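Work through the following exercises with the coordinates loaded, and attempt each task before reading its solution.

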Amino acid sequence: MGGKAFSNDLPSGSFPRLPSRLYQDLKDRLTPLLRTIYTLVEVPPETPGKKDHGDIDFVVAQPIRENGDDMATKVGQVLGAVKSVEMDGNRTSNYALELNQEDCMLLASNGLQSPLPIQKIYLQVDVRVCLDAEEWELLKVMHGYGDLGIIIASIARCHNLILGTKGLKVSSPPPDPAIYLSKSPHAILEYMGLSMDRWKEGFTTVEETFIFASTSRFFDPRRIRRSQLHSFTKSLEERAMYHAFTRWAQSQSPAPYCLEAEREAVEEALVYFGKKGEWDAAARARDKRLWLKNNFSGKLVAEWTGLGWRGVKAVMDKVRASAGGEDKLYGRPLQDVKNLVLESKDALDLGQYGVVE
């Protein structure tokens, strides 16, 4: 069943699963309506061979008119929604549409809704608003062909590359944020050794999607078995297609030149996407923070000088000025730093700050 967003508002069973013919017909009817509001409108490709469907999930971008109107409300009006759960900005809004009599008759003729248990039948339509055309393209890839996006992400994850709806990234050591490598699906797939042209051609069976994913140069079924994927797969317990892939993969061979070391893949990705300089700068900044904590902290200066916090601040400011900034202190032997601290204390009139006994 569909309609989870309206389970508290509309009767149970009023959102039946749709046969492919009706699903396609509704999709064809609704797409032109949304294109009166957004330039880019599409439903990501469905799981190959899927016989029935729940909700219709649109991804949209580039509003035709940039104005102050409530776009989520406007979408509901254009679709003729009877109920909605509207979200502002680049998020997903849900809309309940009442099916007409002809649609209900088609449902009954397919045996999916016969006899009709209630008077009114509804369809849930989800509309995800994307920031720009690039995010729109990426969402189509990540949500297209059932679990294929998750499968590709799992292959990347085996090499410490994190792929999601915001793009491809690598984790930084805490507390630094992750570094995003790219949000372009073309660039990401190309880097992974996957053909965007082949993806656009489409797939007629689920196994074809498995074969496509296995053409990645990062495909390694030995890693897919590893427990490191536990946290990733924990949220995928109901993903039958994904788990079917993990079973299928065990009978396959790794990519011919699959990278062995996880660190090797991260280093390669940083260079490939031009992010190595950013990564190295963040690493230097982390090292500097750690060095300062261990060699020039307020706690250490207080221990060395016996001063209270006001005196400690004055001494530390004096040391920074004398050395030409913390960058000039960074890396010097601890004893040198201590000597500078004591010299700075002696050079200042610190009677006003008091001394810790």
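**Exercise 1.** Determine which residues Arg 289 is in contact with, once its neighbours within four places in sequence are left aside.

*Solution.* Begin with the criterion, under which a contact means heavy atoms within 4.5 Å. Applied to Arg 289, with neighbours within four places in sequence left aside, the search returns Pro 175 and Asp 176. This is a predicted model, in which local features need pLDDT of at least 70 and side-chain atom pairs count only at pLDDT 80 or more, while totals for chains, interfaces and linings use all residues. Residues are numbered from 1 along each chain as its sequence is written, and side-chain values use heavy atoms, with hydrogens and water left out.

Next, place Arg 289 in the secondary structure: it lies in helix α13, residues 276–295, where helices (H or I, at least four residues) and strands (E, at least two) are DSSP runs numbered from the N terminus. Arg 289 is partly exposed, with a relative accessible area of 41%, on a scale where buried means under 20%, exposed over 50% and partly exposed in between (1.4 Å probe, protein chains only). The C-alpha atoms of Arg 289 and Tyr 330 are separated by 9.3 Å, although these residues are 41 apart along the chain.

Finally, turn to the partner Pro 175, which is found in the loop between β9 (167–170) and β10 (179–182). The peptide bond leading into it from Pro 174 is cis, with omega near 5 degrees.

**Exercise 2.** Describe how helix α14 and helix α17 pack, giving the angle and the distance between their axes.

*Solution.* Two packed helices are described by the angle between their axes and the distance between the axes. The axes are lines fitted to C-alpha atoms, for helices over the stretch in contact, and angles run from 0 to 180 degrees between N-to-C directions. For α14 (residues 298–305) and α17 (residues 334–347), the angle is about 65 degrees and the axes are 10 Å apart.

The residues come next: α14 contributes Val 301, Trp 304 and Thr 305, while α17 contributes Leu 334, Val 337, Lys 338, Val 341, Leu 342 and Lys 345. Sorted by class, this contact has six nonpolar, one polar and two charged residues, where Ala, Val, Leu, Ile, Met, Phe, Trp, Tyr, Cys and Pro count as nonpolar, Asp, Glu, Lys and Arg as charged, and the others, Gly among them, as polar.

**Exercise 3.** Tyr 145 and Asn 160 are not glycines, yet each has a positive phi; establish where each lies and whether Tyr 145 is buried or exposed.

*Solution.* Take Tyr 145 first, whose phi is about 55 degrees and which lies in the loop between α4 (133–143) and α5 (148–157). At 8% relative accessibility, Tyr 145 counts as buried.

For Asn 160, phi is about 65 degrees, and its place is in the loop between α5 and β8 (162–164). At 38% relative accessibility, Asn 160 counts as partly exposed.

**Exercise 4.** Find how many disulfides a search of the whole structure gives, and state the relative accessible area of Cys 130 and of Cys 158.

*Solution.* With a disulfide taken as a pair of cysteine sulfur atoms within 2.5 Å, the search of the whole structure finds zero. Cys 130 is buried, with a relative accessible area of 4%, and Cys 158 is buried, with a relative accessible area of 2%.
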